[in-house]
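Subject: Structure handover and notes

Dear colleague,

Please find the structure below, handed over together with my notes on its core, its sheet and a few side-chain arrangements. I would be grateful if you could read the notes with the coordinates open beside them.

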Amino acid sequence: MKKVLLFLFTFTIFLSMGSIAFGEEMKSSMQVKNQKVETVNKVHNIKIEKINLVDAVVIQTEETPTYNRMDIGNRIVVDVLNASLKMNQKEMHISQLGIEKIKMTEFASNQNYEKQDKVVRIVLYLDSVESAENVCIDQEGKDIIIYTSQKPVKQLHYEKENNNIIFPTKNNTGKKMIVVDPGHGGKAPGTHSENPLQYEKDLALDTAKRLEKLLQEVGYDTYMTRSDDITVGLSDRANAANIVNADLFVSVHYNWFDDPKVSGVQTLYVDNDPRDNKVFAKIMQEELVKGLDAKDMRIVDRPNLVVIRDTKMPAVLCEIAFLSNPEEVLKVSTQEYRQRAAQAMLNGITRYLNQ
């Protein structure tokens with residue numbers, strides 16, 4: 001009997017110990033499952049790189065980043081969240097892209113973040129000319145891309161293959177592609193009139209938008225090298241036209257001359273070129289002179305103009321009027337005159353393509 005009682009007592013203790021052990025194991029397991037595990041991203045490089053035809057600041061991270069942007073005076077602050085800094089360099093002096101320097105640090109939390117938050121703060125110090133309004137921030141994969149005075153060429157559908165950008169060689173709609181290039185823009189205002197004050201970049205953009213709309217209404221595909229007041233490089237304009245494999249390139253400008261009596265329309269082109277530029281220029285000039293009832297200032301060979309030199313399709317630069325001439329300034333200040341200029345250029349494009 002004593003042996004039986006001893007056995008039962010021993011067995012009960014064994015079960016209790018097992019139960020306690022099992023309970024602790026379960027508790028431990030639950031703690032592991034409920035434990036908050038965070039993956040910390042790493043900022044490992046900052047560099048200047050050409051993205052979509054435009055120079056940009058590229059912040060490279062190891063995971064897809066989450067970030068905040070703040071504008072503080074002449075500084076652009078980019079906070080990469082849940083991240084650490086994997087760079088020895090803490091400051092870059094670049095003096096380009098409208099930026100004087102870039103600072104980066106692992107940021108101590110403040111009222112904007114929780115105490116446990118891990119933040120890498122990157123500060124871009126803009127120069128005295130650049131404005132925070134012109135800074136555009138985009139994300140592509142694991143990269144944060146910062147554009148300053150120039151924005152990327154848009155409307156170009158492309159793929160990445162082995163880290164190389166592959167652009168289509170031709171738009172696939174079957175329609176003619178016309179690239180419209182509003183002259184100047186952003187930091188490059190072009191010329192201007194005095195009374196009333198009119199900047200070439202604004203008049204060119206308005207006229208180009210009117211031309212674009214007319215082109216689309218009659219069935220052409222169009223591409224604008226800029227659609228707002230931004231700076232676009234001359235080579236970037238030509239490259240964009242080449243990338244979309246345009247059929248024609250038309251750059252819209254307004255003229256200026258020392259003698260305020262000079263007035264009229266002028267069309268610039270590159271001669272001795274297999275692209276048929278001269279014929280295109282003659283037709284555009286004739287239609288502008290007729291459509292605007294303006295003085296014919298002839299077509300002019302300008303072999304060193306990048307936008308019409310480096311394009312691979314027939315290309316012209318149309319000088320709609322002289323902003324140095326008081327009478328023409330009053331005309332171009334009206335929407336009606338700019339609409340007539342757009343219609344005249346449409347007539348020239350259609351006539352050239354149908355000849």
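This is a predicted model, and its largest nonpolar core has 39 residues, among which Leu 211, Val 250, Ile 320, Met 345 and Ile 349 have the most contacts inside it. The elements that contribute two or more residues to this core are the strands β13 (177–182), β15 (248–255), β16 (265–269) and β18 (315–322), together with the helices α2 (200–217), α4 (277–292), α6 (326–332) and α7 (335–354). Helix α7 supplies the largest share, with eight residues. To take one residue of the core, Met 345, and leaving aside its neighbours within four places in sequence, the contacts are with Thr 207, Leu 211, Val 250, Val 252, Met 284, Leu 288, Cys 318 and Ile 320. There is also a second, separate core, which has 25 residues and includes Ala 83, Leu 85, Ile 122 and Val 135.

Turning to the sheet, six strands form an open arrangement in the order β14-β13-β15-β18-β16-β17, and their pairing is mixed. The strands at the edges, each of which pairs on one side only, are β14 (221–224) and β17 (296–301), and from one strand to the next the twist averages 20 degrees. Strand β13 pairs with β15 in the parallel sense over five bridges; within this part of the sheet, Val 180 stands opposite Val 250 of β15, while Pro 182 has Val 252 of β15 as its bridge partner. Helix α3 (residues 234–243) packs on the sheet and touches β13, β14 and β15, with a direction that makes about 170 degrees with that of β13. Helix α7 packs on the sheet as well, touching β13, β15 and β18, and its direction makes about 150 degrees with that of β15.

Strand β15 deserves a separate paragraph. The pairing of β15 with β18 is parallel and runs over six bridges, and Phe 249 stands opposite Ala 315 in β18. As for exposure, β15 is mostly covered, since eight of its eight residues are buried. In a regular strand the side chains alternate between the two faces of the sheet. In β15 both faces are covered, with Leu 248, Val 250, Val 252 and Tyr 254 buried on one side and Phe 249, Ser 251, His 253 and Asn 255 buried on the other.

Finally, some notes on the aromatic rings. The count of aromatic pairs comes to one: the rings of Phe 280 and Tyr 352 have their centres 4.8 Å apart and their planes at 40 degrees, so the pair is classed as tilted. This pair links distant parts of the chain, with Phe 280 in helix α4 and Tyr 352 in helix α7, 72 residues apart. Buried means under 20% relative accessible area, and by that cut-off Phe 280 is buried at 0%, as is Tyr 352 at 10%. Elsewhere, Lys 101 lies over the face of Tyr 125, at 4.8 Å from the ring centre.

With best regards

Technical notes
Residues are numbered from 1 along each chain as its sequence is written. This is a predicted model: local features need pLDDT of at least 70, side-chain atom pairs count only at pLDDT 80 or more; totals for chains, interfaces and linings use all residues. Side-chain values use heavy atoms; hydrogens and water are left out. A nonpolar core is a set of buried Ala, Val, Leu, Ile, Met, Phe, Trp, Tyr and Cys residues joined through side-chain atoms within 4.5 Å. Buried means under 20% relative accessible area, exposed over 50%, partly exposed in between (1.4 Å probe, protein chains only). Helices (H or I, at least four residues) and strands (E, at least two) are DSSP runs, numbered from the N terminus. Contact means heavy atoms within 4.5 Å. Two strands pair if DSSP finds at least two bridges between them. Axes are lines fitted to C-alpha atoms, for helices over the stretch in contact, and angles run from 0 to 180 degrees between N-to-C directions. Rings of Phe, Tyr and Trp (its six-membered ring) pair if their centres lie within 6.5 Å; planes under 30 degrees apart count as stacked, over 60 as edge-to-face and the rest as tilted. A charge sits over a ring if NZ of Lys or CZ of Arg is within 6 Å of the ring centre and within 35 degrees of the ring normal.
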